[in-house]
Amino acid sequence: MAHHLVAGGGGFVGSHMADVFLARGDTVTIVDNFVTGRRSNVAHLAAHDRFTVVEHDITEPLPDGLTGTVFDSVLDLASPASPLDFATMPLEILAVGSTGTRNLLDLAVAQGARFFLASTSEVYGDPLVHPQPESYLGNVSCIGPRSCYDEAKRFSEAITMAYHRVHGLDVRIVRIFNTYGERMRPDDGRVVNTFVVQALRNEPITLHGDGRQTRSFCHVSDEVAGLVAVLDGPITGPVNVGNPDEFTMRQLAELIVELTGSSSEIITVPLPDEREGDPLQRQPDITLASTTYGWTPTVSLRDGLGRMIDWFRAHEQL
Ligand code: NAD
């Protein structure tokens with residue numbers, strides 16, 4: 001059975017990947033400094049005999065506990081990823097996307113492991129093409145408030161491909177589109193959890209601008225199934241993994257109010273500074289993922305939100 005190193009495994013998406021790997025009989029080591037992840041995300045795995053946590057910042061040299069272990073795959077999911085993080089941790093984001101990714105690439109080369117990079121739809125910036133296929137090169141600001149994240153991920157993709165070309169490293173690159181679900185941090189500023197928390201507190205739901213901007217949301221169970229298919233599959237990528245169903249922010253807010261039975265009113269507020277450059281529309285073209293792996297999302301927004309709301313009610317003190 002494979003042994004995976006999941007950098008960022010204490011985070012939202014990484015912890016769900018750990019669950020899937022363990023459920024199919026694999027062994028998982030996570031490395032995480034918990035800057036945006038939560039120990040509670042993996043607390044249920046603490047006693048598992050095929051699961052290990054190494055608390056470490058991957059921008060620092062990797063400890064013997066990692067370099068001395070043989071991994072079949074090294075997965076890089078370590079990065080702060082929310083718009084609030086872009087404002088408060090730009091240097092940490094640039095460091096983890098450059099030095100952090102390079103440290104993991106060196107480990108994968110030394111061990112002959114497969115390297116997996118969790119990239120992002122943000123590499124397309126504010127796209128001029130809809131939906132976005134992998135061949136679209138993007139419309140990205142290299143100096144705006146989101147540039148720390150967008151350019152860090154573009155660099156991560158570039159250095160991953162350089163290691164592939166120079167060292168012959170076996171690599172996989174996925175571009176993750178907006179993902180939501182159980183274990184999101186309630187306060188990280190991403191739109192779905194922000195609206196869910198506002199609704200559960202019966203506070204006003206704050207639409208930015210006119211609420212007509214659209215997003216496509218993928219439930220984390222679908223997302224992780226797609227990521228694992230790419231890891232196990234034959235192609236280097238990049239491969240888009242996301243749900244192409246598109247909703248306006250107003251539709252999202254209305255659905256969350258309905259599902260929570262909230263008394264929240266939906267109000268509009270000006271776009272905050274840290275949202276400058278937010279794309280108005282984002283939608284994945286998933287032709288490559290569906291034709292290569294037969295992967296398509298299966299969870300409707302209504303069902304996924306229902307699961308997430310139940311989880312927030314049971315696990316978060318709101
Ligand atoms: P998250 O913040 O919950 O998880 C990221 C994890 O990385 C956290 O546990 C954090 O503590 C850890 N980390 C950050 N810097 C680190 C460092 N220097 N050393 C060790 N660990 C570090 O975010 P997420 O939503 O689970 O995102 C996981 C990955 O997927 C990220 O790379 C993100 O860019 C990518 N992604 C996520 C989405 C999404 O919608 N969730 C969309 C696009 C891309």
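This is a short walk through the ligand site, one pocket and one helix of a predicted model.

Okay, let's start with the ligand. There are 30 residues around it, and the ones that come nearest are Asp32, Thr36, Tyr149, Lys153 and Arg190. Three side chains are worth clicking on. Thr36 has a side-chain N or O atom 2.6 Å from an oxygen atom of the ligand. Lys153 also faces a ligand oxygen, with 2.8 Å between that oxygen and an N or O atom of the Lys153 side chain. Then there's Asp57, where a side-chain N or O atom sits 2.9 Å from a nitrogen atom of the ligand.

Next, the second largest pocket. We're talking about 210 Å³ of space, roughly. So which element gives the most to its lining? That's α5, with four residues. Both α5, running 147-167, and β6, at 171-176, supply at least two lining residues each. If you want to find the place on screen, look for Tyr124, Tyr136, Arg154, Met161 and Pro238, which are among the residues lining it. As for character, the lining has eight nonpolar residues and four charged ones, with no polar residues in the mix.

Last stop, helix α7, residues 220-232. With 13 residues at 1.5 Å a residue, the helix should span 18 Å, and its end C-alpha atoms are indeed 18 Å apart, so the two agree. Have a look at what is buried there, too: the list for α7 includes Val220, Val224, Leu227, Val228 and Leu231. Asp222 and Glu223 of α7 are buried as well, and so is Gly226.

Okay, that's my tour; over to you.

Notes
Residues numbered from 1 in each chain as written. Predicted model: local features only at pLDDT ≥ 70, side-chain atom pairs only at ≥ 80, totals over all residues. Heavy atoms only, no water. 1 Å grid on protein atoms, 1.4 Å probe; cavity = no way out; pocket = protein on both sides within 12 Å on 5 of 7 lines; lining within 4 Å. Points joined across faces, edges and corners; volume = space filled by probe spheres on them. Nonpolar A, V, L, I, M, F, W, Y, C, P; charged D, E, K, R; others polar. Expected span 1.5 Å × (residues − 1). Buried < 20%, exposed > 50% of the residue type's maximum accessible area, 1.4 Å probe, protein only. Near = heavy atom within 4 Å. Polar contact = N/O pair within 3.5 Å; in protein donor to acceptor, adjacent residues only side chain to side chain.
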